Amino acid sequence: MKPIFKLVLLALLISFTSCIQQSEKSIKPKEETANVSLNNASRKSSNDDTFYQYSIWFAFVNKVFDGNLTVKELKTHGDVGLGSFDFLDGELVMLDGVAYRIRENGEISIGQNEDQIVYADAAFFEEEDSFSIQAPIKFQNLAAQLDAKKKSPHYFYIYKIHGDFKHIKLGGVPKVERPFTDGLDVLIPNRPVFETENISGTLVGFYCPDYIGHINAKGHHFHFISDDKKWGGHVMEFKSTNTLEVQFDTKTKYEFDLPVSKEFENVNLSKQFQYN
């Protein structure tokens, strides 16, 4: 009887262990799925309301012109954006998930995933509200029209403004090479300038509150891309005799990444300069 008892006991133990293992297997995937779902939901929520920035304004001002953010990575932080490519090799304007590179000679191409960026602002644009600005309108009067619709000057705002422009003046950036000798205070006043008339396109704009300090450029900052994607740059002036259609999105979260480089680690941030 003892051998039979041992065999029965062993069989019961094997059966019990198998049940536990099967139970663990059936539960574990559900837990993992739940975690992934929660993480994705949290990530999407964060993206929808986040103003993202790569590098800081005073690093960009003080000749940190070599970055390590790729176009592919930038797209994980937004579908609209502004900035500059490495070595100032073109202004960046991202619209509807496409990153355009506007070089100093006016040539426009689509940024490739591996292309690197030295400085950028980006966000996922979800239209919160829209309104029209009646003509005539000049660039120097645009900020007041936008400010009138803000909930508060203490939040961050993203704009897409479409229309026809009777005249528009845009700036580029001159490509630089090592060793970097001039900062933005020298390069911007001597930047390449493009002017044209009777063109339609979109202004992509970001607004940062005054308290942003040395991290970003305060106030409004706009880049332009024409409807045919053949003309663009940093907006300096414009005049429109037609209605402009404004879409905007308020952002209440702020996130930035810093360049990982000896150049950034050792930069002297003493020089001050604001974009105009």
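Strand E10 (residues 156-171) is largely enclosed by the rest of the structure, because 12 of its 16 residues are buried. Buried here means under 20% relative accessible area, with exposed set at over 50% and partly exposed in between, using a 1.4 Å probe and protein chains only. Strands (E, at least two residues) and helices (H or I, at least four) are DSSP runs, numbered from the N terminus.

The model is predicted: local features need pLDDT of at least 70 and side-chain atom pairs count only at pLDDT 80 or more, while totals for chains, interfaces and linings use all residues. Residues are numbered from 1 along each chain as its sequence is written, and side-chain values use heavy atoms, with hydrogens and water left out.

**Partners of E10**

Two strands pair if DSSP finds at least two bridges between them. The table lists pairings of E10, each with one pair of facing residues.

| Partner strand | Sense | Bridges | Residue pair |
|---|---|---|---|
| E11 (residues 193-208) | antiparallel | 14 bridges | Asp164 and Ser200 |
| E14 (residues 244-251) | antiparallel | 7 bridges | His162 and Glu245 |
| E13 (residues 232-240) | antiparallel | 5 bridges | Ile168 and Phe238 |

**Aromatic rings**

Rings of Phe, Tyr and Trp (its six-membered ring) pair if their centres lie within 6.5 Å; planes under 30 degrees apart count as stacked, over 60 as edge-to-face and the rest as tilted. The structure holds 22 aromatic pairs. One of them joins Trp57 and Phe60, edge-to-face, at 5.9 Å centre to centre and 65° between the planes. Trp57 and Phe60 are separated by about one helical turn, because they are 3 residues apart in helix H2 (residues 57-61). Both Trp57 and Phe60 are buried.

Phe165 and Phe224 form an edge-to-face pair, since their ring centres are 5.6 Å apart and their planes stand at 85°. This pair links distant parts of the chain: Phe165 lies in strand E10 and Phe224 in strand E12 (residues 219-226), 59 residues apart. Phe165 and Phe224 are both buried.

Phe165 and Phe224 also belong to a cluster linked by ring pairs. Its other members are Phe131, Phe139, Tyr157, Tyr159, Tyr207, Phe222, Phe238 and Phe248.

**Charges over rings**

A charge sits over a ring if NZ of Lys or CZ of Arg is within 6 Å of the ring centre and within 35 degrees of the ring normal. The charged end of Lys149 is placed over the ring of Phe131, 5.2 Å from its centre. Lys150 lies over the face of Tyr207, 4.1 Å from the ring centre. Phe131 and Tyr207 are both in the ring cluster.
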